[in-house]
Amino acid sequence: MSNTRKILSNLQGTPLYQPQKVYVITDEKNFSAAFHYAFYLWKMGAIIVGVPSSQAPNTFMEQTPFQLPYSKLNGCISNSLQVFMPAQDRRAKTFYPDIIPTYQTYKKFNFDYHTEIRYLLEMGAYNFLVHLRWTWGFHSAYHNRHSDASQRRL
């Protein structure tokens, strides 16, 4: 049986590991739960790297479906408003990363999908990286393409 519970209890709430900096990599496909995760990590001091996400901090959210009675057309209407930032804040409508690589940076790394990671590693940012680029579609495609263990590389 694992002794993890005892180890954690002995810490009495002190962090087991606390990196000096946390970098969160996002892109334009970042939304929903991944957006919330990135946003809350940023609020706790993480550094956001990449391009703005497709979701705004202040936006209409959840929806209520309906059907028009005569035409039978289906539709949805938002039923809630998410407000994370003051309306006048620069990031209220677009969640800009703290570090946005330039065109020259992407060109330097041959527009590699992992440019942001390579850029951070070149800067000496060997701290904890959180990679929030995975969407369900990409994850499935990546997993299917790389399911053979002999093809996996770092």
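Helices, like strands, are runs assigned by DSSP and numbered from the N terminus, a helix having at least four residues. In this predicted model, the helix called α4 is followed by G124, a residue whose phi is positive, near 90°.

**The chain as a whole**

The secondary structure of the chain comes to five helices and seven strands, and, read from the N terminus on, these elements follow one another in the order α-β-α-β-β-β-β-β-α-α-β-α. The chain has 154 residues, of which 26% are buried. Its exposed surface comes to about 11,400 Å², and carbon and sulfur atoms supply 57% of that area. If one takes the contacts between residues at least 6 apart in sequence, 58% of them join residues that are at least 24 apart.

**The nonpolar cores**

In soluble globular proteins, nonpolar side chains tend to be buried together. The largest nonpolar core of this model has 11 residues in all, namely V22, V24, F35, A38, F39, L41, A46, I48, M85, A92 and F95. Two elements, β1 and α2, give two or more residues to this core, and α2 gives the most, with four residues. Apart from this core lies another one, made of six residues, and among them are Y23, I25, I117 and A125.

**The loop after β1**

Between strand β1 (22-26) and helix α2 (33-43) runs a loop, and D27 lies in this loop. Is D27 buried or exposed? Its relative accessible area is 3%, and because residues under 20% count as buried, D27 is a buried residue. A polar atom of the D27 side chain lies 2.9 Å from the backbone nitrogen of K29. The side chain of K29, in turn, meets the side chain of E28 in a salt bridge, with 3.9 Å from N to O. Unlike the buried D27, K29 is partly exposed, with a relative accessible area of 42%, and E28 is also partly exposed, at 43%.

**Helix α4 and its salt bridges**

Helix α4 spans residues 115-122, and its buried residues are T115, E116, I117 and L120. One of these, I117, also belongs to the core of six residues mentioned above. E122, which lies in the same helix, counts as partly exposed at 48% relative accessibility.

How many salt bridges does a search of the whole structure find? The search finds four, and three of them are set out in the table, including the pair from the loop after β1.

| Salt bridge | N to O distance |
|---|---|
| K29 and E28 | 3.9 Å |
| E122 and K108 | 2.6 Å |
| D112 and R118 | 3.6 Å |

In the bridge between E122 and K108, the closest N and O atoms are 2.6 Å apart. This pair links distant parts of the chain, since E122 is in helix α4 and K108 is in helix α3 (residues 103-108), with their positions 14 residues apart in the numbering. The side chains of D112 and R118 meet in a further salt bridge, at 3.6 Å from N to O. D112 counts as partly exposed, with 29% relative accessibility, and R118 counts as partly exposed too, with 38%.

Methods: Residues are numbered from 1 along each chain as its sequence is written. This is a predicted model: local features need pLDDT of at least 70, side-chain atom pairs count only at pLDDT 80 or more; totals for chains, interfaces and linings use all residues. Side-chain values use heavy atoms; hydrogens and water are left out. Buried means under 20% relative accessible area, exposed over 50%, partly exposed in between (1.4 Å probe, protein chains only). Contact means heavy atoms within 4.5 Å. Accessible areas come from the Shrake-Rupley method with a 1.4 Å probe; for residues, only the protein chains shown count as cover. A polar contact is a pair of N or O atoms within 3.5 Å; within protein, one must be able to donate a hydrogen and the other to accept it, and residues adjacent in sequence count only if both atoms are side-chain atoms. A nonpolar core is a set of buried Ala, Val, Leu, Ile, Met, Phe, Trp, Tyr and Cys residues joined through side-chain atoms within 4.5 Å.
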